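Visitor: Could you take me through one part of this model slowly, as I am new to reading structures? I would like a close look at a single stretch of loop, and then at whatever else helps me to read the picture.

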Amino acid sequence: MPKNNNTGIHPNKAVWYATACLLLVAMGIFLYRVDDSHLVSFLLLAGGLTAIHVLPFGRWTVLDTCVGMITLYDLVSCLYADCPLPAIRVSLYSLYALVAYFTFRRLSAWQPAERIVRSGSDVLMGIAVVLAILSFFVFRSSVLGVGFEDTYHFRFLFRPLGYITNVWSEILLLILGWTCLSRRRYAMVLVILTFTAIFLSFSRGAYIASGIFLIGSMAVMHKADKFRVLFSALAALALVTVCCPKEFRTTLAMNSTVSQQQSTESWIQGTEAAWTVFKERPLEGYGNGNYMYALDTVTGQDSTKPFTSMAPNTLARLLVEKGIAGTSLYALLFLAVARALWQRRKQRESRIIGCTLLALLAKDMSQSAWEEVPFLMLMVYLLLAYLQREEEEEPERIPFSASGYAIAGLALATVLVWNIPSMLRATDPTGTYLERKEYRKAWMRHPEDVQLRYLYASRTLVKENPAEADSILRKLATDFPRNSLYLRAYAERCYIRDDKGTACRMMAEAIRYTPRLLDDERMRYWKQTDSIFHASVVRKALEDKPVNGASALDYARYGYVAHWAGDTITANASLREAVKILPNLTTPYLLLGEYDKYKLLMYGAFHADLEHAPLPEYPPVNEDYLLEKQVDVKVRNWYRSW
């Protein structure tokens, strides 16, 4: 252990202890998703880093420089991003992670401070893992209690700490690597629990990634670590196999169920769509947080598919959002990490970190959660900082340098901008325009956003120039033939123009994709004022019967329409086929009278008294319902931060 040769005034150790505690607080906030909308913890951590002093630029390693360049690129991305508010959010967390990185670079060099972070984080992560395992068995009991055979298809109801299963399993992989670094006696217990939680996620990507971690462990780790990892994995495997044998076999089958096949197909289609969009703007990309905005017209206009902001894999996200320029920085980071691992290849910690990063990369190639979950970015940066630690007997005294001024200044400036709503609104006033119902201004700000084009046509232009509004709505219905919102709106306009043939066809198509439109206010109006037209719409909607090989959703939607039309025999047959193929569909159980299953899927597995809970009431169906279902989530993601 090298000695610290600094003389004179020694740094205040209390400040180092306090900064270590602040870093722990940041980890806890990110892991447990504590609301810190004003970024107070970020400002305090930046203050702690300023107090213990950042490494001067002259002492930055290649890895330090790569991390710093990535954060700088994230900040620059805010200037050219199509939607700047998501880019600002990503850049904030990138800067937060950078501050945490350099903080831990300093703290990990002094063992007492490093011990605070390591021991405290073990407690935070241990509690999270235990809570997840306990809550899983509560979830399992609820699912089996209403008559389902296993829990595999209902994993979306299991959200430990609020995370979806795929994201949670990636967090667990990080926790696994982090706890493997510990030499304490309780570490093996944490490793066993973490492996158990990973296997209980029944995530194919997590299983593959944990397999890669195990193979890497057996190949490069020291003998004691090999034994600990292998024993822990086998113990967890035995427990999960005994408790959940069917789910375990289903996961290992990889592509046997309809949901697995749909997931694989979505991954392939999403990757192809990302490549198509990337080729339109290859150099700089569309900006951080703009992945789904860029792909919206390609993948986001189908009413039968839910909105997601997550990319199918990390490479697709990097290329679309950051372009070749930003992706090149990550390529340099990859090379810098590989170089650092090779230089420290004899160190136990570097081997564990290498296996962990490789497993995380494999998992993120099945679904990208890197920029969606701040905790992942934070912990990866902490692992990279820990990889380069050089122990000192005393805290090293470093004079305040340009790097300290730069990082402290950026942190203060970004927190100030984030906490002044008027500045954010000035960055992109689209959200303000929408609140004021100034739809034309909103569309002019983002002419490529088809949702804003629809709002302008249906809410403003239809009053000023109906013919032009009809032209826009017709084009939307033609370009996006599976979007119920556009089909419904154009059907209404066609009916007003007395083009009942087109109106009937458009409305029937809208109902096929969103059967609840049978209860739409416009349909109710037609039933009262033009019953012949209303009946023709229902008949038209019933014409497209599912054939052999149709999807579960096709059967479910057709069953809903048939049930509403009074054909209970056809309806029940279609609905039974739907839940046979995909047991996690919700509405079929209501129509089939299986209310316990329906309430479980509606209320969730942790409802206090599911048996006596009333049946949930559906909201009224109208244009606002469709807007809330299909548009509001996009508006919140792209145009609002308040």
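Guide: With a relative accessibility of 25%, M254 counts as partly exposed, because this class lies between the buried residues, under 20%, and the exposed ones, over 50%. This is a predicted model, and in it M254 sits in the loop between α10 (245-253) and α11 (258-278). The backbone at M254 deserves a careful look, since its phi is near 70°, a positive value in a residue other than glycine. As a general rule, most residues other than glycine have a negative phi.

A second loop can be read in the same way. K437 is found between α18 (430-435) and α19 (439-445), and the phi of K437 is near 60°, again a positive value in a residue that is not glycine. K437 has a relative accessibility of 55% and therefore counts as exposed.

From the loops we can turn to a pocket. The second largest pocket has a volume of about 910 Å³, and of the 29 residues that line it, the closest to its centre are F334, V337, L357, L358 and L361. The elements that give two or more residues to this lining are α6 (165-180), α13 (314-343), α14 (348-364) and α15 (374-387), and the largest share, 11 residues, comes from α13. Sorted by chemical character, the lining of the second largest pocket divides into 21 nonpolar, 4 polar and 4 charged residues.

Technical notes: Residues numbered from 1 in each chain as written. Predicted model: local features only at pLDDT ≥ 70, side-chain atom pairs only at ≥ 80, totals over all residues. Heavy atoms only, no water. 1 Å grid on protein atoms, 1.4 Å probe; cavity = no way out; pocket = protein on both sides within 12 Å on 5 of 7 lines; lining within 4 Å. Points joined across faces, edges and corners; volume = space filled by probe spheres on them. Helix = DSSP H or I, 4+ residues; strand = E, 2+ residues; numbered from the N terminus. Nonpolar A, V, L, I, M, F, W, Y, C, P; charged D, E, K, R; others polar. Buried < 20%, exposed > 50% of the residue type's maximum accessible area, 1.4 Å probe, protein only.
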